[in-house]
Amino acid sequence: MRNPDLLISHAKVITMDDTKRVLMDGGLAIHKGRILEVGESNSIQARYPDPRKTIDASGKLAMPGLINAHTHIAMALFRGLYADDPRSIYAIMFPVEENLETEHVYHLGLLGAVECLKGGATTIVDHYYFADAIARAVETVGLRGVLGHTIADRLAAFTGKHEKARALRFLREWQNRTSRITPVLAPHSPETVSVETLSELKRISDREDVLLHVHLAQSQQEIEYIRQTHGVTPVELLDRIGFLGANVLAAHSVFVTEPDIDRLAAHQVNVVFCPTSQISYLYNKITPVTELLEKGVNVSIGTDTAAGMGNMNLLEETRVAATMQLFRSGGRDKLSPQKLLEMVTVDAAKAIKQGERLGSLEPGKRADLLLIDLQKVELAPVNDLYMTAIFSITTPNIDMILVDGKVVLLKGTVVGADEEQLAENASAVRTVILNRAVERHPHLSRSLKWQKD
C-alpha cells in the first residue's frame with residue numbers, strides 16, 4: 001500500500017461524487033497530487049497509518065476546488081475604470097487594450113490570478129491576449145489554467161493572421177508541457193472572427209481534441225451585426241458552419257432565442273453564465289439559465305472581468321447567479337445550493353473536458369480542494385453544508401487551498417505571491433497603459449474614472 005504524502009482527517013467533506021456523498025467525519029489520503037481515497041476519518045487513518053504529513057481538519061469543511069469557467073484575469077486593469085456603459089467593450093476596452101505588452105499582461109495576470117484563487121477558484125478558464133504571459137502568471141500563483149490566446153479578425157485590440165499564429169504557437173508549445181496548464185483555442189466571437197477563421201479553428205479543434213472557448217450572443221451589437229451580415233442569430237450562424245459541438249465553451253449566451261437554445265442543446269454546447277458582468281454592461285437581460293438547464297444544456301459559472309461593478313471572486317459570483325435567476329423568474333425558478341455547487345465543480349469540469357480529473361473529491365482525481373473554517377462566527381450554526389458552501393462562505397473563511405495536493409493559500413495568504421508588491425506593480429503598469437491610451441485616443445479621458453497617482 002502506498003504511503004500518502006498527505007492525510008487530512010476529521011473534516012466534514014462534500015465530495016460532489018456521483019452519489020453526492022457527504023461525510024461528517026471524513027478523511028482524504030493524497031499521494032503525488034492525486035486523491036488515493038476518501039472515506040470515514042477513522043478508516044482512512046487505519047488504512048494509512050504513516051503518512052508523510054497530516055492535517056487535522058477538525059471544525060473544517062473540505063470541498064472541491066471551484067472552477068471559474070470564464071475569466072480575463074489581466075483585465076484587473078479595468079476595475080472601477082469606467083461608468084456602466086453597454087458599449088464599453090467597443091468604446092473603452094478595445095482602445096485601452098491596444099496598448100498592452102507582454103510584461104503588462106504578466107503583472108496584471110498575477111493580480112487577477114491571486115484574486116481568483118482567494119475567491120475559491122483552483123482552476124480558471126482564461127481568454128486573453130499574450131496567453132504565454134497569462135500562463136506564467138497562473139504557474140507563479142499555483143493555479144490550474146485552461147488558457148487560450150484571443151483570436152480576432154476585426155474590431156478587437158489585436159487582430160489578424162499574426163494573432164492567429166500566436167494562438168496556434170501557444171497551443172503547440174503548451175500542450176503536454178505541464179499538467180496544470182491546458183491550452184485551448186479562443187476565437188473572440190462571431191462578431192469579431194470571420195466565418196473562414198471560425199471554420200478553420202473548428203477543424204483544428206476537432207483534429208487536436210482541444211476546447212473552443214468563444215464569446216457567444218453576448219451583446220446587442222453582436223446580434224445586430226450578425227443579423228445584418230448573415231441574416232441569422234449568432235448561434236444559428238455557428239450551427240450553419242458546423243462550429244457547434246461538445247468541445248465548445250460559449251461564454252454569456254445572453255441574447256439567445258428558444259430555437260437557439262434548442263441548437264445549443266442538440267450540439268451539447270457548454271454555456272458559461274457570468275451574471276455580474278452582464279449586470280454591469282446594462283444589457284437588461286441575463287443568460288436564461290433555467291431554460292438552458294431544462295433543455296439539458298450544461299451550464300457553469302464564470303466571473304468574466306473585474307470591470308464595471310464586478311470582481312473575480314467566484315464564491316460571490318455564485319451567490320449573484322442564484323439571486324439573479326430568482327429575480328429574473330419572479331421567484332418561480334430557484335437554483336438549489338447543490339445545483340449551484342455542481343455548476344462550479346463537476347459541471348464546469350465536464351465543460352472543460354476534464355471531468356475525469358477535476359470537480360469532485362474521489363479516488364484518482366487531482367487533489368484540488370478548499371478547507372473552510374466552519375468555526376468562524378459568521379458561519380455558525382451550520383445547519384446544511386450545501387447552504388453554507390454557497391450562501392455563507394466568504395474569502396476570509398478559507399483556511400487553506402490545495403492544488404495538486406500542494407498548499408497554495410494558507411490563512412488568507414497566497415504562498416507564491418507577494419501581494420503588496422503585486423498591487424504596486426499593477427498600479428505602475430496601469431499608469432503606463434492608460435497614459436498611452438489617452439494619448440492615442442483623447443476621447444477616453446472623458447470616459448475613464450482614473451485618478452492618477
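Axes here are lines fitted to C-alpha atoms, for helices over the stretch in contact, and the angle between two of them is taken between their N-to-C directions. With that in hand, the packing of helices in this predicted model can be described. Two packed helices come down to a pair of values, the angle between their axes and the distance between those axes.

Take helix α4 (residues 131-141) and α5, to begin with: they pack at an angle of about 35°, and their axes are 10 Å apart. On the α4 side the meeting involves Ala-131, Asp-132, Ala-135 and Glu-139, while α5 brings in Phe-170, Glu-173 and Trp-174. Sorted by character, the residues of this contact come out as four nonpolar, no polar and three charged.

Helix α5 spans residues 161-174, and Glu-163 is found in it. Is Glu-163 buried or exposed? Its relative accessibility is 5%, and since buried means under 20%, Glu-163 counts as buried. Leaving aside residues up to four places away in sequence, Glu-163 touches His-149, Thr-150, Ile-151 and Phe-158. Thr-394, on the other hand, is 231 residues from Glu-163 in sequence and 38 Å from it in space, going C-alpha to C-alpha.

A second helix pair is α3 (residues 102-118) with α16 (residues 419-440), where the angle is about 135° and the axes are 9 Å apart. Angles over 145 degrees would count as roughly antiparallel and 65 to 115 as roughly perpendicular, so α3 and α16 are oblique to each other. Their crossing is left-handed. From α3, the contact is made by His-104, His-107, Leu-108, Leu-110, Leu-111, Val-114 and Lys-118. From α16 come Glu-419, Leu-422, Ala-423, Asn-425, Ala-426, Val-429, Val-432, Ile-433 and Arg-436. That mix divides into ten nonpolar, three polar and three charged residues.

Next comes helix α9, residues 258-266, in which Asp-260, Ile-261 and Leu-264 are buried. Looking down the axis of α9, these buried residues fall within an arc of 100°, so they line one face of the helix. What do they pack against? The partners of the buried residues are β10 (212-216), α8 (234-240), β12 (270-273) and α11 (289-294). Over on the other side of α9, Glu-258 and Ala-266 are exposed. Just after the helix, Gln-268 takes a positive phi of about 60°.

The backbone has a few more spots to look at, and positive phi values turn up in loops too. Lys-353 is a residue other than glycine, yet its phi is positive, near 65°. Lys-353 sits in the loop between α14 (346-351) and β14. Its relative accessibility is 41%, so Lys-353 counts as partly exposed. Lys-411 also isn't a glycine, and its phi is positive at about 55°. The loop that holds Lys-411 runs between β16 (406-410) and β17 (413-414). With a relative accessible area of 59%, Lys-411 is exposed, because the cut-off for exposed is over 50%.

Finally, there is a cis peptide bond. Which residues does it link? It goes from Ala-380 to Pro-381, and omega is near -10°. Pro-381 lies in the loop between β14 (369-373) and α15 (385-391).

Technical notes: Residues numbered from 1 in each chain as written. Predicted model: local features only at pLDDT ≥ 70, side-chain atom pairs only at ≥ 80, totals over all residues. Heavy atoms only, no water. Axes fitted to C-alpha atoms, helices over the stretch in contact; angles between N-to-C directions. Helix = DSSP H or I, 4+ residues; strand = E, 2+ residues; numbered from the N terminus. Parallel < 35°, antiparallel > 145°, perpendicular 65-115°, else oblique. Left-handed = near helix turned anticlockwise from the far one by under 90°. Contact = heavy atoms within 4.5 Å. Nonpolar A, V, L, I, M, F, W, Y, C, P; charged D, E, K, R; others polar. Buried < 20%, exposed > 50% of the residue type's maximum accessible area, 1.4 Å probe, protein only. Arc of directions from axis to C-beta.
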